[in-house]
Amino acid sequence: MPLDFLLRLLSNLATVALVGGGPYLLYRWYEGDLVSDRWLYLGIGLLLWSFLGFLPILLLHRPGRDEPTPLRSDRVQRLVRPDGSEIQVEFYGPDRAPTLILTHGWGPDSTVWYYAKKQLTDQFRVIVWDLPGLGKSPKPNNRDYSLEKYARDLEAVLALVNDQPAILVGHSMGSMILLTFCRLFPKRLEQQVAGLILVDGTYTNPLKTTTFNKLLLALQKPLLEPLLYLAIALSPLLWVISWLSYLNGSTLLTTKLSGFRGTETRGQLNFSTLIGIKALPGVLARGVLAMFKFDETVTLSAITVPTLVIVGKSDIATRPFASKRMTAEIPQAELSVLSPGGHMAFMERNQQFSEIIRAFSTSCLKLER
């Protein structure tokens with residue numbers, strides 16, 4: 001989401017200052033411009049922090065019993081799209097089981113569904129896919145990162161299950177893709193989609209529903225959009241700086257701030273941070289620019305299938321009032337709040353999240369519990 005991307009840009013600026021500050025102080029001390037040995041110790045400290053700062057941050061978090069890993073399936077299908085991109089689609093669970101199609105948010109890839117893939121495949125066939133430009137799905141040749149493009153990609157993934165009913169699940173930008181899908185493919189919605197699950201999402205430009213929304217909206221045109229185009233131009237350099245930001249721990253802190261609310265494990269924080277750094281900043285910037293054009297407010301009242309809206313109680317990336325409005329305007333919607341939880345509550349509260357998904361999907365598909 002835009003807030004997370006902006007926080008990462010700020011951490012990159014801090015990283016440049018940190019990486020340059022340590023050697024600069026050491027050089028000035030060596031040349032005799034800084035006489036006190038305190039400058040020597042400060043320079044050494046900054047240099048160590050630049051490359052080892054992530055260690056104390058991670059060590060201060062408790063280890064979990066089941067820490068996420070980049071789990072991939074050996075059952076894979078590649079979908080070639082008209083724009084030249086390819087979609088990596090992975091299948092988990094029994095082939096003939098009821099189907100859940102999971103769409104991840106902007107920044108990570110489908111491995112972010114680690115817990116859902118493990119906890120729901122006893123009853124469901126879980127299908128995940130990497131959005132083109134992320135994970136193992138190459139970026140589109142025509143540089144189309146619009147929500148409409150991804151909604152058409154989702155329609156192609158849905159076609160893989162033939163005429164079987166399916167539950168569509170989307171997190172963050174993934175939920176925005178689902179809303180766009182509802183507008184573009186209303187017949188698919190009526191004929192094949194048994195239910196929607198919108199997780200920590202929004203119905204409009206996400207700057208309108210994030211923290212400091214008035215300030216960020218005022219800065220969108222004069223500052224934020226030029227910064228995003230600059231990030232596209234400097235993408236390789238920013239990618240290197242992003243990894244340095246991980247080493248000094250600043251990206252871990254921004255991930256913690258924007259995604260979690262204090263009950264995350266060491267592995268959850270580390271995994272969520274690393275999965276976001278892998279993506280090229282230029283790709284992420286193009287996706288954020290596309291989100292600025294998003295608005296499916298009118299679509300909400302036209303959704304004809306049961307819908308579950310899930311939100312972390314303390315989500316600052318897409319604040320809960322957006323989920324409450326979607327629940328109020330979608331005819332057959334219900335709201336579930338994960339607490340404590342932020343934008344990554346589906347990971348932080350993974351068992352509770354999976355049980356909510358299971359109960360709703362069982363009801364929609366009329367399965368026996």
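**Cavities**

This predicted model holds 3 cavities of 30 Å³ or more. The largest encloses about 330 Å³ of space. Its lining takes in 21 residues. Nearest the centre of the largest cavity lie Asp4, Arg8, Trp106, Pro108 and Met344. Three helices each supply at least two residues of this lining: H1 (2-30), H10 (250-259) and H11 (266-277). By character, the lining of the largest cavity splits into 9 nonpolar, 10 polar and 2 charged residues.

The second largest cavity has a volume of about 110 Å³. Phe5, Arg8, Leu9 and Asn12 are among the residues that line it. Leu238 and Ser242 also belong to this lining. So do Gly276, Ile277, Ala279, Pro281 and Leu284. Two or more residues of the lining come from each of H1, helix H9 (235-248), H11 and helix H12 (281-291). Which element gives the most to the lining of the second largest cavity? That is H1, with 4 residues. The lining of the second largest cavity divides into 7 nonpolar, 3 polar and 1 charged residue.

Arg8 appears in both linings: it is listed among those nearest the centre of the largest cavity, and it lines the second largest cavity. Helices H1 and H11 also contribute to the largest cavity and to the second largest cavity.

**Aromatic pairs**

The count of aromatic pairs is 9. How are the rings of Tyr114 and Tyr115 placed? Their centres are 5.0 Å apart and their planes stand at 80°, so the pair is edge-to-face; the cut-off for that class is over 60 degrees. Tyr114 and Tyr115 are both buried. Elsewhere, Phe54, Trp239, Trp243 and Tyr246 form one aromatic cluster. Trp239, Trp243 and Tyr246 carry numbers within the range of helix H9 (235-248).

**Salt bridges**

The model has 20 salt bridges. Three of them are set out below, each with the distance between the closest N and O atoms.

| Acid | Base | Closest N and O atoms |
|---|---|---|
| Glu90 | Arg72 | 2.7 Å |
| Glu86 | Arg78 | 3.2 Å |
| Asp153 | Lys149 | 2.7 Å |

Take the bridge of Glu90 with Arg72. Glu90 sits in strand S2 (residues 86-92), while Arg72 sits in the loop between helix H3 (54-59) and strand S1 (76-80), so the bridge ties together parts that are 18 residues apart in sequence. Is Glu90 buried or exposed? Glu90 is buried, with a relative accessible area of 0%. Its partner Arg72 is partly exposed, at 24%. Both residues also belong to a network of salt bridges that links Arg72, Glu90, Asp109 and Asp130.

Next is Glu86 with Arg78. Glu86 counts as partly exposed, at 27% relative accessibility. Arg78 is partly exposed too, with a relative accessible area of 35%.

The bridge of Lys149 with Asp153 lies within helix H5 (residues 147-158). The two residues are 4 apart there, so about one helical turn separates Lys149 from Asp153. Lys149 is buried, with a relative accessible area of 2%. Asp153 is buried as well, at 1% relative accessibility.

Technical notes. Residues numbered from 1 in each chain as written. Predicted model: local features only at pLDDT ≥ 70, side-chain atom pairs only at ≥ 80, totals over all residues. Heavy atoms only, no water. 1 Å grid on protein atoms, 1.4 Å probe; cavity = no way out; pocket = protein on both sides within 12 Å on 5 of 7 lines; lining within 4 Å. Points joined across faces, edges and corners; volume = space filled by probe spheres on them. Nonpolar A, V, L, I, M, F, W, Y, C, P; charged D, E, K, R; others polar. Phe/Tyr/Trp six-rings, centres within 6.5 Å; stacked < 30°, edge-to-face > 60°. Buried < 20%, exposed > 50% of the residue type's maximum accessible area, 1.4 Å probe, protein only. Salt bridge = Lys/Arg side-chain N within 4 Å of Asp/Glu carboxyl O.
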